[in-house]
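Hi,

Here is the structure I promised to pass on. My notes follow below it, starting with the aromatic rings.

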Amino acid sequence: MRARDHGIIIGDGTPGPENAITDVAGVLVGHTTLVEGSGTLDVGRGPVRTGVTVVLPPGDVWTRPVFAGAHRLNGNGEMTGLEWVRESGLLTSPVAITNTHSVGVVRDALLVDMLAAGRTVPWGLPVVGETWDGVLNDINGFHVRAEHLHAAIAGAADGPVPEGAVGGGTGMICHGFKGGIGTASRVRPAEEGGHTVGVLVQANHGQRRRLAVNGVPVGRMFDDVPLPGDPAAGRPEGAGSIIVLVATDAPLLPHQCTRLAQRAGLGIARVGGLGEHNSGDLFLCFATGNRGMTPGDLGEQAPVSFDLGMLADAHITGLFEAVVEATEEAIVNALIAAETSKGRDGIVAHGLDGGRLAAAVAGG
């Protein structure tokens, strides 16, 4: 079940056929979900509530990169490879999302995948983002391994995207409820180019009291639902992070991608996110309407120049609106899709009842 299944219509934009990041033609999403064990935390043995999610731009992004830009709302987090994205304006790898302590193994596994396919690219700087799932998961047990990333890539598909407690979102908590993966999309009117914008989030942020949907402050209406405790780490409520990936088929240049990435923060704010001190809020936007020069094309055979398209800035505000709406809806979809989960030490993150949420929004 998703927001629209409960009659919660966010904004006035038009979603794509799947209302997902995969509505951008050629974009694929894959998950590997790891759920094992129960009971008291035993580092290295579980309980395990984690995984990895991968987003693949169209074609072979290692050899035919796409223009991209990034933005940091608050930097208490990690997304590898962003310095090269900022420097070159290119995304040259698939994007993976996992838990904080598994970034390294997933990054290395992306390089292994690149080499295993026989690509001639001499080097790579993969992009891997993270959020912290240590409230529910044995995060110091390093349960995500290279084969889990490879399985997520092998299973990546277009069409509907599984949401909630799946993939990298398996152990995440959002606004005091079970969180995780969410996605949504918007299609702009034909007179503005008819471009599609898709968003995917890994939501692990926010305080319950600030939760809002469609401008309605609903968080305080759920005071009867217990918050997940964290006796081991003693982290304050809301001390989490969110990763936002934006994809579009519009012909954007890198600086325009950066501008779209920035607008994800407005969608987060509409749901009640604050970009708190302890939050890692990192956003990446890639655009498939142009293809850039690859690192492997810098030899003598490389053309001296390229002909590129560019969306007129007079029409970019519509894409900003699409990012904001799709980000808000993706977060709400993650909340509704994620079912109640019990993790380590009996800690429970309760799912947000979509029917009850719809009634709260309707009642204002």
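First the ring rule: rings of Phe, Tyr and Trp (for Trp, its six-membered ring) pair if their centres lie within 6.5 Å, and the planes count as stacked under 30 degrees apart, edge-to-face over 60 and tilted for the rest. By that rule there are 2 aromatic pairs. Bear in mind that this is a predicted model, where local features need pLDDT of at least 70 and side-chain atom pairs count only at pLDDT 80 or more, while totals for chains, interfaces and linings use all residues. Residues are numbered from 1 along each chain as its sequence is written, and side-chain values use heavy atoms, with hydrogens and water left out.

One pair is tryptophan 84 with tryptophan 123: the centres are 5.7 Å apart and the planes at 70°, so this is edge-to-face. It links distant parts of the chain, with tryptophan 84 in helix α1 (residues 82-88) and tryptophan 123 in the loop between α2 and β6 (127-131), 39 residues apart. (Helices, H or I with at least four residues, and strands, E with at least two, are DSSP runs numbered from the N terminus.) Tryptophan 84 is partly exposed at 28% relative accessible area, and tryptophan 123 is partly exposed too, at 34%. Here buried means under 20%, exposed over 50% and partly exposed in between, with a 1.4 Å probe and protein chains only.

Phenylalanine 177 and phenylalanine 222 also pair edge-to-face, 5.6 Å centre to centre with 90° between the planes. Phenylalanine 177 is in strand β8 (residues 177-178) and phenylalanine 222 in the loop between β12 (216-217) and β13, 45 residues apart. Both are buried.

Phenylalanine 177 has a charge over its ring as well: the charged end of arginine 208 sits 4.0 Å from the centre. The rule there is NZ of Lys or CZ of Arg within 6 Å of the ring centre and within 35 degrees of the ring normal. Arginine 263 likewise lies over the face of phenylalanine 320, 3.8 Å from the ring centre.

Now the inside. A nonpolar core is a set of buried Ala, Val, Leu, Ile, Met, Phe, Trp, Tyr and Cys residues joined through side-chain atoms within 4.5 Å. The largest has 50 residues, and Val218, Val244 and Leu357 have the most contacts inside it. Helix α5 gives the largest share, 11 residues. Leaving aside neighbours within four places in sequence, valine 244 is in contact (heavy atoms within 4.5 Å) with residues including Val199, Ala264, Leu282 and Thr327.

Cheers
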